[in-house]
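Work through the exercises below with the sequence and the structure in view, and try each task before you read its solution.

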Amino acid sequence: METAVKQAAEVRRDTRTSAFLRKLKKYRALLIMTVPGLIYLIINNYIPMYGVILAFKTLSYDKGIWNSPWSGLDNFKFLFNSPDAFIITRNTVLYNVVFIVVNTVFALLVAILINEIKGKAISRFYQSTFLLPHIVSMVVVAYLVYGFLNQDSGLVNTVLTKYFHKDSIAWYSEAGYWPYILVIVNAWKNAGYLSIIYFAAIIGIDKEYYEAARIDGATRWKQMTAITLPLIMPVILIMTLMAVSSILRSDFGLFYQVTMASGPLIPTTNTIDTFVYRAMVQLGDIGMSSAAGLYQSVVCFFLILGANLAVRRYDKNSSLF
Amino acid sequence: MTGAMNSRHPFIHLFFWLFVLFSLVPFLLVFMVSISGEESILKHGYSLFPSEFSTGAYSFLFNDFSTIAKAYGVTIAVTLIGTVVSLLITCLYAYPLSRPDMPFRRTLSFFLFFTMLFGGGMAPWYLTYVNMFGIKNTLLSMIIPNLLLSAFNVLLMRSFFSTSIPDSILESATIDGASEWTIFKSIVIPLSLPIVATIGLFNVLAYWNDWYNCMLFIDKQELYNIQYLMTKTLNNVQYLIMKAGSNAQAGEQLAKMPRETVRMAFAVVGVAPLLAAYPFFQRFYISGITSGAVKG
């Protein structure tokens, strides 16, 4: 009796395994298709994740990553006891907060106003012009900024000295101006992009809402605040929460290329990403660089989880996962 | 166009024209400096309306174009190879994820998605490539790290596949005895050309504009791409003529170099191909980013 049950179970298991094998065989081609991508993800993403142990080690090149001696939390202690940890965190967070506010307000304004324009051709011309700064590299942006700010002949100093009879300013060594400059540069490069995304969301709104509102005698302003804004709120929310969840990340090109990596500007332009780069390449301090990188990754990880939870609570369909 | 201008919102157009100026003036300034006379720059500084025009900067650049041509060669080669390989890997990973009956589908999705949530950071990533795979100072280092597969693009493509390719077509092809590879090659890809083209464009821009990988992995000047050569030249305009050749020759050239205008002329040469191509791909690019943001 017992053996019969056992046998039956075995047969079932056999058919289950063989069904599984048959399935694998049937989908063999599809599984093979994913192999190049899998290998790439392992090399580019998963091996470096294992490499976070570097943050807990003192790397010596002749011993390699694995055999280098453990240093416990020394790298973190060193990082968080230095004034750098606070400064780079403050800079990264504050820049991002201002970027989010300025870009969102400006992009919404542009998106709503583009929607008011009747001519299709002119509307398209505006859109593609506003998007132009988004497609050039930060190196090109650095040249454009240099055209305005270089000390001897930049446009701003030329105007200052010629028309306002003021002294020229050494922009690339005066740290105090850069929070403003970088906010402008970032808006120049990215606000147009964001406005196009918001504009696409506005176009998607059913025109009947507006017709009904007009029949009821709603003004343009009323239509904007009572229809347009509430209906694109999910998109605004998602874009903003995505930005908030990467509040500890910064655009390396903006803070390194556009400032021309100028030393005197470091106090106001050093962010976590430039710090990680400088620690590794200029100081050769792999442990400290890894520690700062891990600190950034871990905080961002929890911020993304939190942001997703928040979106899900607000609107289940628009959550990321 | 004029009809729209005469509409009842003159202030809206005024606002937008100011924004247009804000977007374009920086480019215009660089261009105007590049065609200014060096003398007038030294005397009056950069100006949108230079008092004296000269093509001296360009003739200086084109006099010995080999450094720039080589950098462009690297950029073009990397962009071409990178875009094609990247598209291939992206399609191949995205298609199985779009099939609801695929085994391990959730696992494979998560394996991809997790890379968007967490990363090891730059130092371990850099050491992986340099120490384990030894790709420093090779073209591969500008093609592979970070740029070859974007999780975001895979997700975009997967949602296109699953919404735009009817299951019935796949089923009837299977009944007709077509293999998965044939289905992928002759049905899925031809039906998905819009998304393939969009992601191809994203790839082209990413490779064309990349300087980060070049900065990290390349020490040899003959392997610099155009973006990194531009970075080096911005910090030190002599960089353009510092390549090999005798010192005496370089010194002589240096003396003749109209520095301020050459720098900006090089910026123009560096950005010109992209700006020239922009009118042709802009509408396509706009529809690409909006479909990505709204659907993805």
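**Exercise 1.** In this predicted model, decide whether A:Glu116 counts as buried or exposed.

*Solution.* The relative accessibility of A:Glu116 is 15%, and because buried means under 20% relative accessible area, A:Glu116 counts as buried.

**Exercise 2.** Find the salt-bridge partner of A:Glu116, and describe where the two residues lie.

*Solution.* The partner is A:Arg220, and the closest N and O atoms of this salt bridge are 2.9 Å apart. Next, place both residues: A:Arg220 belongs to helix 12 (residues 220-245) of chain A and A:Glu116 to helix 6 of chain A, so that the pair links distant parts of the chain, 104 residues apart. Finally, consider accessibility: A:Arg220 counts as partly exposed at 34%, whereas A:Glu116 is buried.

**Exercise 3.** Work out which residues are joined into one network with B:Arg99.

*Solution.* Begin with B:Asp101, which forms a salt bridge with B:Arg99 in which the closest N and O atoms are 3.4 Å apart. Then take B:Glu180, whose salt bridge with B:Arg99 has its closest N and O atoms 3.0 Å apart. Since B:Arg99 lies in the loop between helix 5 (66-98) and helix 6 (105-117) of chain B, while B:Glu180 lies in helix 11 (residues 180-191) of chain B, this pair ties together parts that are 81 residues apart in sequence. Through shared partners, the salt bridges join B:Arg99, B:Asp101 and B:Glu180 into one network. Within it, B:Arg99 and B:Glu180 are buried, whereas B:Asp101 counts as partly exposed at 33% relative accessibility.

How values were computed
Residues are numbered from 1 along each chain as its sequence is written. Chains are lettered from A and ligands numbered from 1 in the order in which they are written. This is a predicted model: local features need pLDDT of at least 70, side-chain atom pairs count only at pLDDT 80 or more; totals for chains, interfaces and linings use all residues. Side-chain values use heavy atoms; hydrogens and water are left out. A salt bridge is a side-chain nitrogen of Lys or Arg within 4 Å of a carboxyl oxygen of Asp or Glu. Helices (H or I, at least four residues) and strands (E, at least two) are DSSP runs, numbered from the N terminus. Buried means under 20% relative accessible area, exposed over 50%, partly exposed in between (1.4 Å probe, protein chains only).
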